[in-house]
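These are my notebook entries on a single chain. I began with the overall fold and then followed individual residues.

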Amino acid sequence: MKKLLSYPLTIIFYIFFFFNLLLFHPIQWICLKLGGYEAHKKSVDIFNFFLLRCLNLLGTRIFVDNPHTIPTDRPCIFVSNHQGVYDIPPIIWYLRKHHPKFVSKKELGKGIPSISFNLRHGGSVLIDRKNRRESLLKMAKFAKYLKETNRSAVIFPEGTRSRDGQPKKFAASGMQMLFKQMPNALIVPITINNCWKLLKDGSFPLSIGVQLKMKVHQPIEIDSTDPESLVALVERTIIADIR
C-alpha cells in the first residue's frame, strides 16, 4: 500500500517542486537587482522553506538536533556527509542566520532554475574537480570572501552523494585549504541521516514517510591544530553518528 501511494505523491511532489524552481528564479533575479545581497538571500531562504514543504508532501519529516549556540559574529565552516540533493534545503533553512555558501561542482552552475542562479550569484564557489590547481585557487579566493563578509562555508568532502547511506572517504584538500585560510572560523561538523532513502528506488517513485535527520555537532576551534588532524577529527565525528 505504501509503495502504491508513493506514485501519486511523487507526482504531486514534482509538480510543486518544479513550480518552486521556476517561480523563484525570476524572484531571485528581481531581489538581487533591486535589493542587493540581503534581498536575494531572503528570497533564497524562503525558496528553501518551500522546498521543505514540498518534501512534507511525501510524508517526509525533518528532525534537526542542534543543542549548540553557534555564534553569528564569526564565519563557520560547516562540514557534512552528503546523501542527496534533498539534504541541502534543511542546511540552508535551519542555518540561514550563518549565511551558508556552498562548495559545489561547476556543472551545477547552469541549467537548473533557481538553484544554478543562487550558486552563481549568492556567494558560493563552483569548482572543476578535474582541475585541482584551479580548484584550490578558487577555494582560497572563496575563503577570503567569507572572511571579509563574515559568511560561512558548507562543504561535502565526500564529493558525491552516498547512495546507500554509507560514507565515502573524505577528500582532505578542500577542507585543509579552508582551515588554513580561515583560522578565525569555527568548524561545525554535521551528520545527515536517511536522506538517501528518498531515492533508494530511483527518482520515481520517491520513498514516502522518510525521517530525515540532521545533527549539528559540537563546534571545533581551529587554533593551532594542524589541518590533517582537524580533518581526521571532523571525519570521525560525522561518521560516528551515521546510522
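Before the first look-up I fixed the accessibility classes: a residue is buried under 20% relative accessible area, exposed over 50%, and partly exposed in between. The model I consulted is predicted.

**Entry 1: His68**

I looked up His68 first, and its relative accessibility is 21%, so it counts as partly exposed. His68 sits in the loop between strand S1 (61-65) and S2. Leaving out residues up to four places away in sequence, I found His68 touching Val216, His217, Gln218 and Pro219. I also took the C-alpha separation of His68 and Pro183, which are 115 residues apart along the chain, and obtained 21 Å.

**Entry 2: the chain as a whole**

I counted six helices and eight strands in the chain. Read from the N terminus, the order of elements is α-β-β-α-β-α-β-α-β-α-β-β-β-α. I then compared the radius of gyration, 18 Å, with the globule rule, which gives 18 Å for 243 residues; the chain is therefore as compact as a globular protein of that length. The C-alpha trace spans about 55 × 45 × 35 Å along its principal axes.

I next looked up burial and found that 50% of the 243 residues count as buried. For contacts between residues at least 6 apart in sequence, I noted that 73% join residues at least 24 apart. The accessible surface comes to about 12000 Å², and carbon and sulfur atoms account for 58% of that surface. For the charges, I recorded 35 positive and 18 negative, with their mean positions 6 Å apart.

**Entry 3: aromatic pairs**

How many aromatic pairs does a search of the whole structure find? My search returned twelve. I examined the pair of Tyr7 and Phe204, which is edge-to-face, with 5.6 Å centre to centre and 70 degrees between the planes. Tyr7 lies in helix H1 (residues 2-56) and Phe204 in the loop between strand S6 (186-193) and strand S7 (211-216), so this pair ties together parts that are 197 residues apart in sequence. I checked the accessibility of both partners: Tyr7 is partly exposed at 34%, and Phe204 is partly exposed at 42%.

I also noted one aromatic cluster, formed by Phe13, Tyr14, Phe17, Phe18 and Tyr86.

**Entry 4: backbone geometry**

I followed Phe204 to its peptide bond with Pro205, which is cis, with omega about -5 degrees. Pro205 belongs to the loop between S6 and S7.

I then looked up two residues with positive phi. His99 is not a glycine, yet its phi is positive, at about 55 degrees. I located His99 in the loop between helix H2 (88-94) and strand S3 (100-105). Its relative accessible area is 17%, and His99 is thus buried.

Ser114 also has a positive phi without being a glycine, with a value near 70 degrees. I placed Ser114 in the loop between S3 and helix H3 (115-121). The relative accessible area of Ser114 is 0%, which makes this serine buried.

**Entry 5: Lys41**

Is Lys41 buried or exposed? I found a relative accessible area of 11%, and Lys41 is accordingly buried. Lys41 is a residue of helix H1. Not counting residues up to four places away in sequence, Lys41 touches Arg96 and His99.

**Entry 6: Phe78 and strand S2**

I turned to Phe78, which is part of strand S2. Its relative accessibility is 0%, and I entered Phe78 as buried. Which residues does Phe78 contact, leaving aside its neighbours within four places in sequence? I listed Ile70, Leu95, His98, Ser152, Ala153, Val154, Ile155, Val188 and Ile190. I also took the C-alpha separation of Phe78 and Ile187, which are 109 residues apart along the chain, and obtained 6.1 Å.

**Entry 7: helix H5**

Finally I looked up helix H5 (residues 173-181), whose buried residues are Gly174, Met175, Gln176, Met177, Leu178 and Phe179. Against which elements do the buried residues of H5 pack? I recorded strand S2 (76-80), helix H4 (132-149), strand S5 (152-155), S6 and helix H6 (227-240). Strand S2 in this list is the strand in which I had found Phe78.

How values were computed. Residues numbered from 1 in each chain as written. Predicted model: local features only at pLDDT ≥ 70, side-chain atom pairs only at ≥ 80, totals over all residues. Heavy atoms only, no water. Helix = DSSP H or I, 4+ residues; strand = E, 2+ residues; numbered from the N terminus. Rg over C-alpha atoms; globule rule 2.2 N^0.38 Å. Buried < 20%, exposed > 50% of the residue type's maximum accessible area, 1.4 Å probe, protein only. Contact = heavy atoms within 4.5 Å. Areas by Shrake-Rupley, 256 points an atom, 1.4 Å probe, with all protein chains shown as cover. Lys, Arg positive; Asp, Glu negative; His and termini not counted. Charge placed at Lys NZ, Arg CZ, Asp CG, Glu CD. Phe/Tyr/Trp six-rings, centres within 6.5 Å; stacked < 30°, edge-to-face > 60°.
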